[in-house]
Amino acid sequence: MSIHSLPTTTCAEPVPQTALQALDLTVRYRGRAALRGVNLTVADGSVTALIGPSGCGKTSFLNCINRMTDLIAGCEVSGTLSLFGEDVLTDGSNLLALRRRVGMIFQRANPFPLSIRRNLDLPLREYGIRSASERAGRLEQALRDVGLWREVIDRLDDPALALSGGQRQRLCIARAIALEPQVLLMDEPCSGLDPHATAAIEDLIHGWHGRYTVLIVTHNLAQARRVSDHTAVFWLQDGAGTLVEHGPTGALFAAPRHPVTADYVAGRAG
Amino acid sequence: MRDRLSAVAAWGAAGMVLAAFAWLIGDVLWRGLPGLSWQFLVSAPADAGRAGGIASILLATVWILAIAIGTALPLGLATAVWLAEFGHRQPRLQGHVNHALDVLAGVPSIVFGLFGNAFFAVTLGLGFSILSGGLTLACMALPILVRVTGAGLQAVPAELRQGAAACGLTQWTTLSRLLLPAALPALLAGTLLGIGRALAETAALIFTSGYVDRYPGSVFDSARALSVHIYDLAMNVPGGERNGYASALVLVALILCINLATHALARGWQRSMS
Amino acid sequence: MSTPGRSSPPDGDAALRAVTGLAARLSGTVVVGIALFVLWQAWPALQAVGPLRFVTDAGWHPLAQPAQFNLLPMLVASVAVTLGAMLLAGPLGLFTAIFMTDYAPPALARLLRGVVELLAGVPSVVYGLWGLVTLVPLLAAWQPPGASLLAGILVLALMILPTMVLASHAAIAGVAAEHRLTVAALGFSCAGSLWGVLLPAARAGLCGALLLSTTRALGETMAMLMVTGNVARMPDSLFAPARTLTANIALELAYAMDRHRAALFVGGLLLTALVLALVRLARGLGCAWRHA
Ligand SMILES: Nc1ncnc2c1ncn2[C@@H]1O[C@H](COP(=O)(O)OP(=O)(O)O)[C@@H](O)[C@H]1O
Ligand SMILES: [Mg+2]
């Protein structure tokens, strides 16, 4: 089946390069399908918002992309998923390399229980960056990018867990982008944050257009409209989540094609 | 009415437990204290243990424990790591190992003694020696070490593992830099618990490390552990009760210290996890 | 500048997995090794004497001509002391656990818990010493010779009491947390909630506590060796001396040769089989089984 024939992949503008392509992607937990038959193409450098009610498989979808699904006992993924043309799901593919190309931000900020500096230093070192000065440079750049540098400059060696919620989440973002990923997966990154911290993170995402390919799960429709250029709507059908509609954010919110999308964006369902 | 009965039974049971405890500990203190002195701790036993102290016995005990923990700890830690971090990829093997460890924890200590005697002392030719006794105790302590360490690893929040995986950290780095440090108190608590169990063990040692009460010269020498010393003084040495009780007091005090340390660790650990 | 550099060696992870996997297999093999080894050592006796004679011989006279290997008196003694101890320690332990969750002021509950934990750590040889020096003379003054099945039962009951208390306490406290509010909201009386809700809900844990204590009791060697009198005869009363399976091994392994030695291993095998049967039973009954 050619992807161009799929209604969910219709895009107004020509796609520069495909970052991510899912074909008939299905996720099962202990044999029960949680996400079924997802076909989705994501353009390089775009920001895609994943919206839909809880339990319809958005997290499961993100988890496939960097194969966090491998960590979950009894979780099976089928279908195909490719990242810049390379297959993600085959067993032989290099997991570490994949996860180094795909950064992930979780709903609950999860800095390592180490110092702020070590939080970034440890993965950088893992990536084989031997030179301490290069690591220090990347650390500073990443912290500047997320607007944290000024706040933590004089306490880089304090425990990261002493930071506030919004700071922790930005530290996690810094940790992810310090590693210069191509794709960033964000799973409800702002759901635990106050409006101020949320705005800071939305500003960040705005600045990333064209630089990273971003997939962001959010329950905040206004946020989806603000930050994304494409939106994918997930819904529960026959007990499993699936992708019901996908398109440019403006068009999707203005004229939803699928009835559940219409109800959802109008606040009548979900 | 039923309320009354339950209350009476509960208070009565607790009272009896406390009374029995007071009797046992009081007895050990009352009969043990007169024999206890600094001299008792630092001099070697004389006259089959009736006179002198327990210095060589303490030394032998430390050696046996060192062999036991030195063997069981690396093995137990590695096993716990495999069960917690890799086992889910081979669920059948994981199930077998878990079951085997559960059964091992239930094997009576005298059977460990039989096995240790036949395998380490006779078949491997180690004879009655510190090595035989230590290795036998290592087998005994293994399940406790695996369980407590494993519980510590499992209690590390899933977010930490996810974060590490999402950053593309190798499993080695995740384990050595993040998981083991987080589980360290549990690891220490497990080790202490294992030491406590090994320290209390007698039946498995009588036929493996033996009775010789001299200072051990090497791990191939037979040596007498503190618990074996108590048994020998009580059963085989007429007039050995006084020193037997003094030794028992030392043993109970050591175990009390270990218990307290384990508790302090566990509390600190729970605090750091929450 | 976006080449992620040399990825640190996945070889390291492969080695980690291989080494820990090896350790796990070794740990899993220990118990199998022990079982096979004990069986192997017991084999000469099983073959030359035959399994039947271990229960039909006239008695346990391993050095007589011809040698006699009846393990039944020891088996009966082991089972008798275990049952007796469980009858005492079971209810006592359960009620103490109930006391700790339901009746005790917090400070007293903490004290009791500390006491019980200390008791749980006291080596069996110390219980044996206490039994030998303090309890047996008392019993002897009442019903000589003192060293008897009863002495064994009393000492063993005291020994497994901590296991029983701690395991039942864990079971009850585990369910109490989730049911307490419901129960209070429904207006149950204290005992009503206890017998009607909490204990049934804690069934699995309590049954585990019982079976765990039973295996401990059955396997106890030192204390039994020191207080039961060690006479290898079928005990005919509570006050008669007896010898448990465990004590039998401890008493004779030092000098046993050849078939006699193998016969002692048969005793060990029997003991292991009994404990395994209990573990199986616990699993079959769905008991929450927790060691340590
Ligand atoms: N680890 C898991 N084990 C079993 N079922 C899971 C697991 N994770 C998610 N699920 C199930 O998969 C479905 C989709 O979950 P999820 O992907 O988390 O949805 P969302 O992120 O959209 O809320 C849910 O029904 C959930 O119960
Ligand atoms: Mg989710």
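Here is a short tour of a few spots in this structure, which is a predicted model.

Let's start with chain B as a whole. It holds 11 helices and 2 strands. Reading from the N terminus, the order of elements is α-α-β-β-α-α-α-α-α-α-α-α-α. Along its principal axes, the C-alpha atoms of chain B fill a box of roughly 70 × 65 × 35 Å.

Next, have a look at where chain B meets chain C through a pair of helices. Helix α5 of chain B covers residues 109–123, and helix α11 of chain C covers residues 258–284. Their axes come within 9 Å and cross at roughly 135°. Angles over 145 degrees would count as roughly antiparallel and 65 to 115 as roughly perpendicular, so α5(B) ends up oblique to α11(C). The crossing of these two helices, α5(B) and α11(C), is left-handed.

Which residues make the contact between α5(B) and α11(C)? On the α5(B) side, they are Ile110(B), Val111(B), Leu114(B), Asn117(B), Ala118(B) and Val122(B). On the α11(C) side, you'll find Arg261(C), Leu264(C), Phe265(C), Gly268(C), Leu271(C) and Thr272(C). Sorted by character, the residues of this contact come out as 8 nonpolar, 3 polar and 1 charged.

Now hop over to chain A, where ligand 1 sits among Tyr29(A), Ala34(A), Ser54(A), Gly55(A), Cys56(A), Gly57(A), Lys58(A), Thr59(A), Ser60(A) and Ile72(A). Some of these residues have polar atoms facing an oxygen atom of the ligand, as the table shows.

| Residue | Polar atom of the residue | Distance to an oxygen atom of ligand 1 |
|---|---|---|
| Gly55(A) | backbone | 2.6 Å |
| Gly57(A) | backbone | 3.1 Å |
| Ser60(A) | side chain | 2.5 Å |

Finally, a few backbone details in the loops. In chain C, the peptide bond from Gln65(C) to Pro66(C) is cis, with omega near -5°. Pro66(C) belongs to the loop that links β1 (60–61) to β2 (68–69) of chain C. There's also a cis bond from Pro144(C) to Pro145(C), with omega near 10°. Where does Pro145(C) lie? Look in the loop between α5 (124–142) and α6 (149–185) of chain C.

Chain A has a backbone detail of its own: Glu188(A) isn't a glycine, yet its phi is positive, at about 45°. You can spot Glu188(A) in the loop between β7 (183–187) and α7 (195–207) of chain A.

Definitions and conventions: Residues numbered from 1 in each chain as written. Chains lettered and ligands numbered in written order. Predicted model: local features only at pLDDT ≥ 70, side-chain atom pairs only at ≥ 80, totals over all residues. Heavy atoms only, no water. Axes fitted to C-alpha atoms, helices over the stretch in contact; angles between N-to-C directions. Helix = DSSP H or I, 4+ residues; strand = E, 2+ residues; numbered from the N terminus. Parallel < 35°, antiparallel > 145°, perpendicular 65-115°, else oblique. Left-handed = near helix turned anticlockwise from the far one by under 90°. Contact = heavy atoms within 4.5 Å. Nonpolar A, V, L, I, M, F, W, Y, C, P; charged D, E, K, R; others polar. Near = heavy atom within 4 Å. Polar contact = N/O pair within 3.5 Å; in protein donor to acceptor, adjacent residues only side chain to side chain.
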